[in-house]
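Colleague: I should like to learn how to read the features of a protein model. May we go through them one at a time?

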Amino acid sequence: MVYVVPLIIFMDDVSGNILKQWNKHHAIYMLNMNLPCEMLKKEFFVRFITSSPHAAPMELMRAMKDSLCNAAQSGIVTWDCKDEEEVMLIPSGLFLAGNNPMQAEECSHTGLNCNYFCRTCDVSGTKEYKASEEGYNSIFKSGNLRTPEKTTKDIQHQFEAAMKSGATTKVQSAVSSTGVCDRSGLPATAESKITAALEKEFEESLRGTTLNDTMNPLLGMNGINMHLDMPTEILHTILLGVVKYFWGQSVFLLEKAKLLHIFQSRLESVDKDGLNAPSLNADYICHYKGSLIGKHFKSLAQVMPLLVHDLVPQTVVNGWSVIGELVALVWHTTIPDTEEYLVSSHY
(Lines give C-alpha, C1' and ligand atoms only; values in the text may rest on other atoms or scores of the structure.)
Protein backbone atom coordinates (compact mmCIF):
# COMPACT_ATOMS: atom_id res chain seq x y z
CA MET A 1 0.00 0.00 0.00
CA VAL A 2 1.23 3.51 -0.87
CA TYR A 3 0.07 6.55 1.09
CA VAL A 4 0.60 10.21 0.18
CA VAL A 5 1.41 12.34 3.24
CA PRO A 6 0.54 16.04 2.70
CA LEU A 7 2.60 18.32 4.92
CA ILE A 8 2.19 21.83 6.32
CA ILE A 9 5.62 23.49 6.25
CA PHE A 10 6.07 26.27 8.80
CA MET A 11 9.05 28.57 9.31
CA ASP A 12 9.54 31.50 11.67
CA ASP A 13 12.23 33.23 13.70
CA VAL A 14 12.37 32.26 17.38
CA SER A 15 14.68 32.98 20.30
CA GLY A 16 17.20 30.33 21.26
CA ASN A 17 17.39 31.65 24.86
CA ILE A 18 15.19 30.79 27.79
CA LEU A 19 15.81 34.28 29.19
CA LYS A 20 14.33 37.44 27.70
CA GLN A 21 17.44 38.38 25.73
CA TRP A 22 16.65 37.84 22.04
CA ASN A 23 18.83 35.22 20.33
CA LYS A 24 17.41 34.90 16.83
CA HIS A 25 17.12 31.47 15.23
CA HIS A 26 15.17 30.47 12.14
CA ALA A 27 13.35 27.17 12.59
CA ILE A 28 11.29 24.89 10.32
CA TYR A 29 8.49 22.61 11.53
CA MET A 30 6.11 20.25 9.75
CA LEU A 31 2.65 18.85 10.44
CA ASN A 32 0.95 15.83 8.87
CA MET A 33 -2.35 17.01 7.34
CA ASN A 34 -3.75 13.47 7.32
CA LEU A 35 -4.32 13.90 11.06
CA PRO A 36 -7.60 15.31 12.45
CA CYS A 37 -7.62 19.01 13.32
CA GLU A 38 -7.77 18.38 17.08
CA MET A 39 -4.62 16.24 16.86
CA LEU A 40 -2.68 18.92 14.94
CA LYS A 41 -3.07 21.25 17.91
CA LYS A 42 -1.10 18.89 20.15
CA GLU A 43 2.62 19.57 20.55
CA PHE A 44 3.50 15.92 19.97
CA PHE A 45 2.39 16.11 16.32
CA VAL A 46 4.39 19.26 15.51
CA ARG A 47 7.66 17.88 14.11
CA PHE A 48 10.87 19.89 14.36
CA ILE A 49 12.91 19.78 11.13
CA THR A 50 15.87 22.15 11.42
CA SER A 51 17.08 25.38 12.98
CA SER A 52 20.08 27.69 12.74
CA PRO A 53 21.17 31.08 14.14
CA HIS A 54 23.44 31.60 11.12
CA ALA A 55 21.80 30.18 7.98
CA ALA A 56 19.38 32.45 6.11
CA PRO A 57 15.72 31.33 5.85
CA MET A 58 16.03 30.37 2.19
CA GLU A 59 19.16 28.33 2.90
CA LEU A 60 17.16 26.28 5.40
CA MET A 61 14.31 26.00 2.89
CA ARG A 62 16.70 24.74 0.24
CA ALA A 63 17.86 21.93 2.53
CA MET A 64 14.24 21.14 3.45
CA LYS A 65 13.21 21.08 -0.21
CA ASP A 66 16.08 18.76 -1.20
CA SER A 67 15.31 16.39 1.67
CA LEU A 68 11.58 16.34 0.93
CA CYS A 69 12.06 15.84 -2.82
CA ASN A 70 14.53 13.00 -2.25
CA ALA A 71 12.11 11.30 0.15
CA ALA A 72 9.24 11.71 -2.32
CA GLN A 73 11.32 10.26 -5.14
CA SER A 74 12.51 7.18 -3.27
CA GLY A 75 9.55 6.77 -0.88
CA ILE A 76 9.72 5.87 2.80
CA VAL A 77 9.07 2.23 3.69
CA THR A 78 7.57 1.74 7.14
CA TRP A 79 5.33 -0.63 9.09
CA ASP A 80 1.58 -0.13 9.38
CA CYS A 81 0.77 -1.37 12.88
CA LYS A 82 -2.99 -1.27 12.25
CA ASP A 83 -3.08 -3.41 9.08
CA GLU A 84 0.15 -5.23 10.01
CA GLU A 85 1.90 -4.77 6.68
CA GLU A 86 4.69 -2.79 5.11
CA VAL A 87 3.60 0.45 3.45
CA MET A 88 5.32 3.18 1.47
CA LEU A 89 4.88 6.86 2.33
CA ILE A 90 5.24 9.62 -0.27
CA PRO A 91 5.66 13.01 1.48
CA SER A 92 4.35 16.07 -0.36
CA GLY A 93 4.19 19.76 0.55
CA LEU A 94 0.59 20.96 0.90
CA PHE A 95 1.12 24.61 1.82
CA LEU A 96 3.53 26.96 3.58
CA ALA A 97 2.47 28.60 6.83
CA GLY A 98 4.03 31.57 8.62
CA ASN A 99 3.57 35.24 9.42
CA ASN A 100 3.34 37.92 6.73
CA PRO A 101 7.05 38.95 6.60
CA MET A 102 8.23 35.32 6.42
CA GLN A 103 5.67 34.38 3.78
CA ALA A 104 6.71 37.40 1.71
CA GLU A 105 10.33 36.21 1.79
CA GLU A 106 9.28 32.69 0.83
CA CYS A 107 7.40 34.16 -2.15
CA SER A 108 10.35 36.38 -3.20
CA HIS A 109 8.04 39.30 -2.49
CA THR A 110 8.89 42.70 -1.01
CA GLY A 111 6.04 42.71 1.52
CA LEU A 112 2.86 44.60 2.33
CA ASN A 113 4.41 48.07 2.09
CA CYS A 114 5.40 47.89 -1.58
CA ASN A 115 3.39 49.17 -4.56
CA TYR A 116 2.24 45.66 -5.51
CA PHE A 117 1.51 44.49 -1.97
CA CYS A 118 -0.26 41.20 -2.75
CA ARG A 119 1.93 38.10 -2.95
CA THR A 120 -0.85 36.15 -4.72
CA CYS A 121 -1.68 38.51 -7.60
CA ASP A 122 -0.46 41.76 -9.17
CA VAL A 123 -3.26 43.98 -7.83
CA SER A 124 -2.52 47.65 -7.01
CA GLY A 125 0.08 49.96 -8.57
CA THR A 126 2.01 53.13 -7.86
CA LYS A 127 1.06 55.50 -5.06
CA GLU A 128 -0.34 57.99 -7.54
CA TYR A 129 -2.44 55.33 -9.26
CA LYS A 130 -3.87 54.06 -5.95
CA ALA A 131 -4.82 57.65 -5.02
CA SER A 132 -6.96 57.95 -8.16
CA GLU A 133 -10.58 56.77 -8.29
CA GLU A 134 -9.78 54.02 -10.77
CA GLY A 135 -6.75 52.84 -8.82
CA TYR A 136 -8.56 52.83 -5.48
CA ASN A 137 -11.43 50.77 -6.89
CA SER A 138 -8.97 48.32 -8.48
CA ILE A 139 -7.57 47.40 -5.05
CA PHE A 140 -10.81 45.57 -4.26
CA LYS A 141 -10.61 43.42 -7.40
CA SER A 142 -8.38 40.42 -8.05
CA GLY A 143 -5.40 40.98 -10.33
CA ASN A 144 -3.53 38.53 -12.52
CA LEU A 145 -2.30 35.59 -10.46
CA ARG A 146 1.44 35.41 -9.82
CA THR A 147 3.19 32.24 -10.94
CA PRO A 148 6.56 30.73 -10.01
CA GLU A 149 7.59 30.89 -13.68
CA LYS A 150 6.86 34.62 -13.94
CA THR A 151 8.59 35.32 -10.61
CA THR A 152 11.66 33.39 -11.79
CA LYS A 153 11.84 35.51 -14.95
CA ASP A 154 11.53 38.74 -12.91
CA ILE A 155 14.41 37.66 -10.64
CA GLN A 156 16.56 36.72 -13.62
CA HIS A 157 15.85 40.14 -15.13
CA GLN A 158 17.02 41.77 -11.88
CA PHE A 159 20.27 39.76 -11.97
CA GLU A 160 20.85 40.87 -15.56
CA ALA A 161 20.16 44.51 -14.64
CA ALA A 162 22.60 44.25 -11.72
CA MET A 163 25.47 43.66 -14.15
CA LYS A 164 24.93 46.83 -16.16
CA SER A 165 25.66 50.49 -15.54
CA GLY A 166 23.22 52.19 -13.19
CA ALA A 167 22.53 48.82 -11.60
CA THR A 168 21.17 50.16 -8.31
CA THR A 169 18.52 52.32 -9.98
CA LYS A 170 17.56 49.62 -12.47
CA VAL A 171 17.17 46.91 -9.83
CA GLN A 172 15.17 49.20 -7.54
CA SER A 173 12.92 50.11 -10.45
CA ALA A 174 12.39 46.44 -11.32
CA VAL A 175 11.52 45.61 -7.69
CA SER A 176 9.14 48.59 -7.46
CA SER A 177 7.32 47.73 -10.69
CA THR A 178 6.75 44.04 -9.87
CA GLY A 179 6.93 43.63 -6.09
CA VAL A 180 9.40 40.77 -6.64
CA CYS A 181 12.60 40.69 -4.56
CA ASP A 182 14.70 37.57 -4.05
CA ARG A 183 16.63 37.60 -0.75
CA SER A 184 18.38 34.31 -1.32
CA GLY A 185 20.50 35.53 -4.23
CA LEU A 186 23.87 37.25 -4.31
CA PRO A 187 24.40 40.93 -3.40
CA ALA A 188 24.75 43.43 -6.23
CA THR A 189 28.33 44.42 -7.08
CA ALA A 190 29.40 48.06 -7.17
CA GLU A 191 27.96 49.78 -10.23
CA SER A 192 31.28 51.51 -10.98
CA LYS A 193 32.74 48.33 -12.48
CA ILE A 194 32.29 47.55 -16.12
CA THR A 195 29.87 44.89 -17.37
CA ALA A 196 32.56 42.39 -18.33
CA ALA A 197 34.16 42.50 -14.88
CA LEU A 198 30.78 42.12 -13.22
CA GLU A 199 29.88 39.10 -15.31
CA LYS A 200 33.20 37.46 -14.51
CA GLU A 201 32.85 38.15 -10.80
CA PHE A 202 29.28 36.91 -10.84
CA GLU A 203 30.31 33.67 -12.56
CA GLU A 204 33.00 33.12 -9.95
CA SER A 205 30.50 33.79 -7.17
CA LEU A 206 28.24 31.04 -8.50
CA ARG A 207 31.07 28.54 -7.85
CA GLY A 208 30.05 26.23 -10.65
CA THR A 209 26.32 26.38 -9.98
CA THR A 210 23.63 27.93 -12.17
CA LEU A 211 21.64 31.10 -11.54
CA ASN A 212 18.56 29.04 -10.69
CA ASP A 213 20.52 27.33 -7.90
CA THR A 214 21.07 30.68 -6.17
CA MET A 215 17.42 31.79 -6.29
CA ASN A 216 14.51 30.98 -4.03
CA PRO A 217 14.42 27.15 -3.79
CA LEU A 218 10.63 27.14 -3.47
CA LEU A 219 10.26 28.45 -7.03
CA GLY A 220 10.96 25.02 -8.50
CA MET A 221 9.49 22.80 -5.80
CA ASN A 222 7.20 20.09 -7.16
CA GLY A 223 3.64 20.26 -5.90
CA ILE A 224 4.05 23.75 -4.37
CA ASN A 225 3.03 27.05 -5.91
CA MET A 226 4.30 29.41 -3.24
CA HIS A 227 2.01 32.22 -4.45
CA LEU A 228 -1.15 30.15 -4.09
CA ASP A 229 -0.18 27.48 -1.53
CA MET A 230 0.36 30.00 1.26
CA PRO A 231 -2.75 30.85 3.32
CA THR A 232 -3.04 34.42 4.60
CA GLU A 233 -1.82 34.80 8.18
CA ILE A 234 -5.13 35.91 9.70
CA LEU A 235 -4.01 36.86 13.22
CA HIS A 236 -1.92 39.88 12.23
CA THR A 237 -3.79 40.62 9.00
CA ILE A 238 -7.32 40.69 10.47
CA LEU A 239 -7.44 40.72 14.28
CA LEU A 240 -4.29 42.75 14.90
CA GLY A 241 -4.78 44.66 11.67
CA VAL A 242 -8.26 45.71 10.55
CA VAL A 243 -10.12 44.87 13.79
CA LYS A 244 -7.51 46.48 16.07
CA TYR A 245 -7.54 49.82 14.26
CA PHE A 246 -11.31 49.84 13.81
CA TRP A 247 -11.62 49.21 17.56
CA GLY A 248 -9.30 52.14 18.24
CA GLN A 249 -11.43 54.50 16.15
CA SER A 250 -14.63 53.23 17.79
CA VAL A 251 -13.21 53.81 21.28
CA PHE A 252 -12.19 57.32 20.23
CA LEU A 253 -15.78 58.07 19.18
CA LEU A 254 -17.20 56.61 22.40
CA GLU A 255 -14.83 58.60 24.61
CA LYS A 256 -15.45 61.78 22.65
CA ALA A 257 -19.21 61.38 23.18
CA LYS A 258 -18.66 60.30 26.82
CA LEU A 259 -20.48 57.03 26.16
CA LEU A 260 -17.76 54.53 27.07
CA HIS A 261 -19.43 53.72 30.43
CA ILE A 262 -22.64 52.74 28.61
CA PHE A 263 -20.64 50.51 26.26
CA GLN A 264 -18.93 48.88 29.26
CA SER A 265 -22.28 48.16 30.95
CA ARG A 266 -23.62 46.54 27.80
CA LEU A 267 -20.46 44.49 27.33
CA GLU A 268 -20.71 43.25 30.92
CA SER A 269 -24.27 42.05 30.31
CA VAL A 270 -23.57 40.11 27.09
CA ASP A 271 -24.56 36.45 27.15
CA LYS A 272 -21.33 34.58 26.36
CA ASP A 273 -22.85 31.10 25.97
CA GLY A 274 -23.11 31.36 22.18
CA LEU A 275 -19.53 32.53 21.64
CA ASN A 276 -16.60 30.31 20.75
CA ALA A 277 -13.84 30.80 23.40
CA PRO A 278 -15.12 34.19 24.65
CA SER A 279 -12.76 36.76 26.18
CA LEU A 280 -15.12 39.56 27.17
CA ASN A 281 -14.04 40.80 30.60
CA ALA A 282 -15.63 44.25 30.36
CA ASP A 283 -13.53 45.86 33.11
CA TYR A 284 -10.28 44.63 31.58
CA ILE A 285 -11.22 45.50 27.99
CA CYS A 286 -12.30 49.05 28.79
CA HIS A 287 -9.42 49.74 31.18
CA TYR A 288 -6.70 48.31 28.89
CA LYS A 289 -8.47 49.26 25.65
CA GLY A 290 -5.16 50.15 23.97
CA SER A 291 -3.36 46.91 24.88
CA LEU A 292 -5.74 44.16 23.82
CA ILE A 293 -4.59 40.99 22.06
CA GLY A 294 -6.04 38.69 19.41
CA LYS A 295 -8.48 36.73 21.60
CA HIS A 296 -10.15 39.95 22.79
CA PHE A 297 -10.59 41.27 19.25
CA LYS A 298 -11.99 37.93 18.06
CA SER A 299 -14.71 38.05 20.72
CA LEU A 300 -15.41 41.78 20.33
CA ALA A 301 -15.88 41.44 16.57
CA GLN A 302 -18.81 39.08 17.17
CA VAL A 303 -20.76 41.37 19.51
CA MET A 304 -19.81 44.97 18.64
CA PRO A 305 -22.79 45.70 16.31
CA LEU A 306 -25.18 44.80 19.15
CA LEU A 307 -23.38 47.02 21.66
CA VAL A 308 -22.80 50.22 19.68
CA HIS A 309 -25.82 50.31 17.35
CA ASP A 310 -27.02 53.63 18.83
CA LEU A 311 -23.72 54.97 20.21
CA VAL A 312 -21.72 55.55 17.02
CA PRO A 313 -22.57 56.62 13.43
CA GLN A 314 -24.36 54.05 11.26
CA THR A 315 -21.34 53.74 8.97
CA VAL A 316 -19.30 52.49 11.92
CA VAL A 317 -22.04 50.00 12.86
CA ASN A 318 -22.07 48.76 9.25
CA GLY A 319 -18.30 48.33 9.41
CA TRP A 320 -18.55 46.22 12.56
CA SER A 321 -21.28 44.11 10.94
CA VAL A 322 -19.00 43.32 8.00
CA ILE A 323 -16.08 42.57 10.33
CA GLY A 324 -18.28 40.24 12.40
CA GLU A 325 -19.29 38.28 9.31
CA LEU A 326 -15.67 38.08 8.16
CA VAL A 327 -14.38 36.82 11.52
CA ALA A 328 -17.12 34.19 11.72
CA LEU A 329 -16.19 32.89 8.26
CA VAL A 330 -12.42 32.94 8.73
CA TRP A 331 -12.32 31.29 12.17
CA HIS A 332 -14.43 28.23 11.45
CA THR A 333 -13.00 25.41 13.59
CA THR A 334 -15.11 22.69 11.95
CA ILE A 335 -16.80 22.29 8.55
CA PRO A 336 -20.04 20.28 8.96
CA ASP A 337 -20.86 20.26 5.21
CA THR A 338 -17.77 20.19 2.99
CA GLU A 339 -19.79 20.60 -0.21
CA GLU A 340 -20.72 24.18 0.77
CA TYR A 341 -17.03 25.12 0.91
CA LEU A 342 -15.91 23.62 -2.39
CA VAL A 343 -15.14 26.17 -5.12
CA SER A 344 -17.69 26.01 -7.92
CA SER A 345 -16.43 25.22 -11.41
CA HIS A 346 -17.59 28.58 -12.83
CA TYR A 347 -15.18 30.56 -10.67
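Colleague: Let us begin with a single residue: is lysine 258 buried or exposed?

Modeller: Some conventions come before the answer. This is a predicted model, in which local features need pLDDT of at least 70, side-chain atom pairs count only at pLDDT 80 or more, and totals for chains, interfaces and linings use all residues. Residues are numbered from 1 along each chain as its sequence is written, and side-chain values use heavy atoms, with hydrogens and water left out. A residue is called buried under 20% relative accessible area, exposed over 50%, and partly exposed in between (1.4 Å probe, protein chains only). Lysine 258 has a relative accessible area of 66%, so it is exposed. Its place is the loop between H10 and H11, and its phi is positive, about 55°, although it is not a glycine.

Colleague: Which other residue, not a glycine, has a positive phi of about 90°?

Modeller: That residue is serine 124. Serine 124 also lies in a loop, between helix H3 (100–106) and helix H4 (127–131). With a relative accessible area of 9%, serine 124 is buried.

Colleague: How are the helices and strands defined, and how many of each does the chain have?

Modeller: They are DSSP runs numbered from the N terminus: helices are H or I with at least four residues, and strands are E with at least two. Here the chain has 14 helices and five strands. Its C-alpha atoms fill a box of roughly 70 × 65 × 55 Å along the principal axes. Of the 347 residues, 37% are buried.

Colleague: What share of the contacts between residues at least 6 apart in sequence joins residues at least 24 apart?

Modeller: A contact means heavy atoms within 4.5 Å. In this chain the share is 61%.

Colleague: Which residues of helix H11 (residues 260–268) are buried?

Modeller: They are Leu260, Phe263 and Leu267. These residues cover an arc of only 60° around the axis, which means that they are on the same side of H11. The arc is that of the directions from the helix axis to the C-beta atoms. The buried residues of H11 pack against H10, helix H12 (282–287) and helix H13 (294–307).

Colleague: I should now like to turn to the strands. Which residues does tyrosine 29 touch, apart from its neighbours within four places in sequence?

Modeller: Tyrosine 29, in strand S2 (residues 24–32), is in contact with Ile8, Ile9, Phe10, Val46, Arg47, Phe48 and Ile49. Its relative accessibility is 24%, so tyrosine 29 counts as partly exposed. Tyrosine 29 and leucine 253, 224 residues apart in sequence, are 44 Å apart from C-alpha to C-alpha.

Colleague: Where is serine 52 placed, and is it buried or exposed?

Modeller: Serine 52 is in strand S3 (residues 47–52). It is buried, with a relative accessible area of 12%. Leaving out residues up to four places away in sequence, serine 52 touches His25, His26 and Leu60. A polar atom of the serine 52 side chain lies 3.0 Å from the backbone nitrogen of histidine 54.

Colleague: What can be said of serine 92 in strand S5?

Modeller: Serine 92 is partly exposed, with a relative accessible area of 27%. Beyond neighbours within four places in sequence, serine 92 is in contact with Val4, Val5, Pro6 and Leu7. The C-alpha atoms of serine 92 and leucine 68 are separated by 7.4 Å, although the two are 24 residues apart along the chain.

Colleague: How does one find empty space, and what volume has the largest pocket?

Modeller: Rolling a probe the size of a water molecule over the atoms shows where empty space is left. On a 1 Å grid over the protein atoms alone, using a 1.4 Å probe, a pocket is an open set of points with protein on both sides within 12 Å along at least five of seven lines, and lining residues have an atom within 4 Å of a point. Grid points are joined across faces, edges and corners, and a volume is the space filled by probe spheres set on the points. The largest pocket has a volume of about 1100 Å³. Among its 26 lining residues, Ile8, Cys37, Phe95, Ile234 and His332 lie nearest its centre.

Colleague: Which residues of the second largest pocket lie nearest its centre?

Modeller: They are Leu112, Phe117, Thr232, Thr237 and Val242, out of 15 lining residues. The second largest pocket holds about 550 Å³ of space. Helix H10 (residues 234–256) supplies the largest share of its lining, four residues.

Conventions:
Polar contact = N/O pair within 3.5 Å; in protein donor to acceptor, adjacent residues only side chain to side chain.
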